Structures are given as structure tokens and as C-alpha cells.
Amino acid sequence: MNCEEAQEFITALVDHQVSDEERSLIDSHLKDCQRCQFSFEQEQALKREISAAGARLHAPAELRSKLLSDRRIFPGPERSSGSWTERIFPAWPFPRPALALALTVVLILPILYFTRTAIEPISLAALEIQKKIIDGEVSVQKASNPDELRKWQIHAVNGEFAPIYFDLSAMNVQPVGGVVQEIKGRKMLVTVYAGNGLSVTCFTFLGTEEDAPKIASVFFDPDKKMKFYSFSKDGFSAVLHREGKVICILVSNMSGDELLALVRAKVQPS
Ligand SMILES: [Zn+2]
């Protein structure tokens, strides 16, 4: 028997699937050939490893407690030495900066991602839409007739809610157009008022006071028993309030105090 033939029989030998005749032929080759003897031992060791791993799969809790109590992996506090990374990764193959980077990518980035999503509520998205309307990136449907605009907006949300209307005619500010925007799966009715050098945009959508950004100052009006959330971004002032299930955000180039006074004067308690 030559090496090539022996190699073919080694797996069968490990699995005890050879005849007596084959076995004596291989045995005599292995006795004389170190190379084939070595691969036979390797194959035996591999089979033992696989069997042991299979057995461990049936006892994960036992393995877990065995690993956790193994002082070579998790040295106890009295014998603790080196940094926590050395204790948790005793044979970590990468240099420390690479480890730090890997941990940053795995742990920090998802946290940043979720935090950013959490602190960018729909109300701040409204301010971004205001900016886009001013910059002409969002085109607004011109309204020749405020009633028609209102009907079109209600139709756009299948009658689920109606835009909150503000009579600003005393300031010579009129509704000039509207648009429907969808943010995070929620439809927003946007009505643009303008006149007298002032711009006021009303965002109406279904929501709760949780939609107010955390940065907002909260003002409680004791007469109307309503809360007003005042905030600003990118040079625009905004005031949010709730009427039933509907949230209204007014965004304007007026100052925050002026806008708050305007909203408080115009809003009727629900
Ligand atoms: Zn051989």
C-alpha cells in the first residue's frame, strides 16, 4: 500500500469501517510512514473534537457555567490582573487600537443611531419642511380659496382629521397655499400663511404631546388649561399644542415670544 491509497483509507479507519484485511494493510503502512501516521492521528483528534462539541450542544447551560467558572478564562478578582479586555479576551489577536475601533463600531454606533432617531422627533422634521418650502425645495399648492385648500387637505388624509385653521386676517396674514407631507409614516397637513412680511406655517397631524422635542420650553396656560411647547431651530420659531388627537405646530419667522402670544390668543380650549 502506498501513501495515496493509505490516505483514502484513513477516514474509513477512524470510523471503524474497514475490513480486517484492509486494516492490517493500513496498519503496516502506518508503522513505516510517519506522514500517514500523523494524518491518522489528526483525523482521530478531529473526530473526538466533533463528538465532544456535539455533546456540549446538548448541555449549553452546563457548558456556560463551566466556562464562567473556568479561572483560565475569567480569573477571579483576587487574581485579577491587566485590563478588562485582557480578562475577557485573554488571547485577543488584535492590537488595542483595533479592539477599541471594533468595540466602537459594534457598541457605540448602534447606540448613536438609536439616540439620534429618538431625539429627532416629527416636530423637528416640521422645521426642516418649513426651510424646504422657503428654499423652494417643497412646492406648495397655491390656494386661491382657503375653503378649497381645506377640502383638498381633508381629502388627502381620507377625512381622518382636518387642518387647524387660524384667522390671522387682522394681521393681514392669509393662507396662501398648502401641501401634504408624510414623515415617518404619518401624514402632515401643511398650510402656509403669509402677508405683511410675516410667514406662518401650520403643521397639523395626528399625535400626542410626546411629539414635542425634548429641547422645547413648556408653557402652561392656566386659563385655557393647555400646554404650549416652544422651540426654535435654524432661525425659525415654533410652538406646538394639542387639540384632542391632533397636534398643531406653528412655525414662523416671528420671535418665539410673539408666536407664543399669537397661538395662545388664537387657540380655543378643546
Ligand atoms: Zn504513507
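A residue is called exposed here if 12 or fewer other C-beta atoms lie within 10 Å of its own, and buried if 20 or more do. Keep that in your pocket for the tour. One more thing before you start clicking: what you have open is a predicted model.

**Stop 1: the whole chain**

Colour everything by secondary structure. You are looking at nine helices and eight strands. Of the 270 residues in the protein, 23% are buried. Take the contacts between residues at least 6 apart in sequence: 55% of them join residues at least 24 apart.

**Stop 2: helix α1**

Select residues 3-14, which make up helix α1. Try a distance between the C-alpha atoms at its two ends: they are 16 Å apart. That agrees with expectation, because 12 residues at 1.5 Å a residue should span 16 Å.

Now show the side chains of A6, F9 and I10. Are they buried or exposed? All three, A6, F9 and I10, are buried in α1. They share one side of the helix, because the arc they cover around the axis is only 135 degrees. A bit of background helps here: an α-helix has 3.6 residues a turn, so residues three or four places apart point the same way.

Swing round to the face of α1 turned away from that buried side. Which exposed residues does this face carry? Add E4 and E8 to your selection, and there they are.

**Stop 3: just past α1**

Step off the end of the helix to H16, which follows α1. H16 sits in the loop between α1 and α2 (20-32). Check its backbone: phi is positive, about 55 degrees, although H16 is not a glycine. H16 counts as exposed because it has 7 C-beta neighbours inside 10 Å.

While you are in this area, select D15 and K47. In sequence they are 32 residues apart, yet in space their C-alpha atoms are 8.8 Å apart. K47 belongs to helix α3 (residues 34-57). K47 is partly exposed, since 13 other C-beta atoms lie within 10 Å.

**Stop 4: the sheet**

Hide the helices for a moment. The eight strands form an open sheet, and the pairing is antiparallel. In what order do the strands come? Trace them across: β1-β2-β3-β4-β8-β7-β6-β5. The edge strands are β1 (141-142) and β5 (217-221), each of which pairs on one side only.

Bring back helix α8 (residues 146-156), which packs on the sheet and touches β2 (174-183) and β3 (186-195). Its direction makes about 10 degrees with that of β2.

Next, walk along some of the strand pairs:

- Go to the loop between β2 and β3 and pick out K184. K184 has a positive phi of about 50 degrees, although it is not a glycine. It counts as exposed because it has 10 C-beta neighbours inside 10 Å.
- Move on to β3 and β4, an antiparallel pair held over seven bridges. Select L189 and you will find its bridge partner in β4, T204. The hairpin of these strands has two residues between them, and N196 takes a positive phi near 60 degrees there.
- From β4, cross to β8, which is joined to β4 by seven bridges and runs antiparallel to it. Pick F205, then its bridge partner in β8, I247.
- Finish with β6 (residues 226-233) and β7 (residues 236-243), antiparallel strands joined by five bridges. Here Y229 has L240 in β7 as its bridge partner.

**Stop 5: the cores**

Show everything again and look for the largest nonpolar core, which has 36 residues. Which of its residues touch the most other members? Select A238, V239, I249 and L250. The elements that give two or more residues to this core are α7 (122-134), β3, β4 (198-206), β6, β7, β8 (246-252) and α9 (256-266). The biggest contributor is α7, with six residues.

Zoom in on A238. Leaving aside neighbours within four places in sequence, A238 is in contact with S123, L127, F231, S232, I249, L250 and V251.

Apart from the largest core lies another one, of seven residues. Select some of its members, including A6, F9, I10 and F40. You have met three of these before: A6, F9 and I10 are the buried residues from the stop at α1.

Definitions and conventions:
Residues are numbered from 1 along each chain as its sequence is written. This is a predicted model: local features need pLDDT of at least 70, side-chain atom pairs count only at pLDDT 80 or more; totals for chains, interfaces and linings use all residues. Two strands pair if DSSP finds at least two bridges between them. Helices (H or I, at least four residues) and strands (E, at least two) are DSSP runs, numbered from the N terminus. Two residues are in contact if their C-beta atoms, placed from the backbone, lie within 7 Å. Axes are lines fitted to C-alpha atoms, for helices over the stretch in contact, and angles run from 0 to 180 degrees between N-to-C directions. The expected span of a helix is 1.5 Å times one less than its number of residues. The arc is that of the directions from the helix axis to the C-beta atoms. A nonpolar core is a set of buried Ala, Val, Leu, Ile, Met, Phe, Trp, Tyr and Cys residues joined through C-beta atoms within 7 Å.
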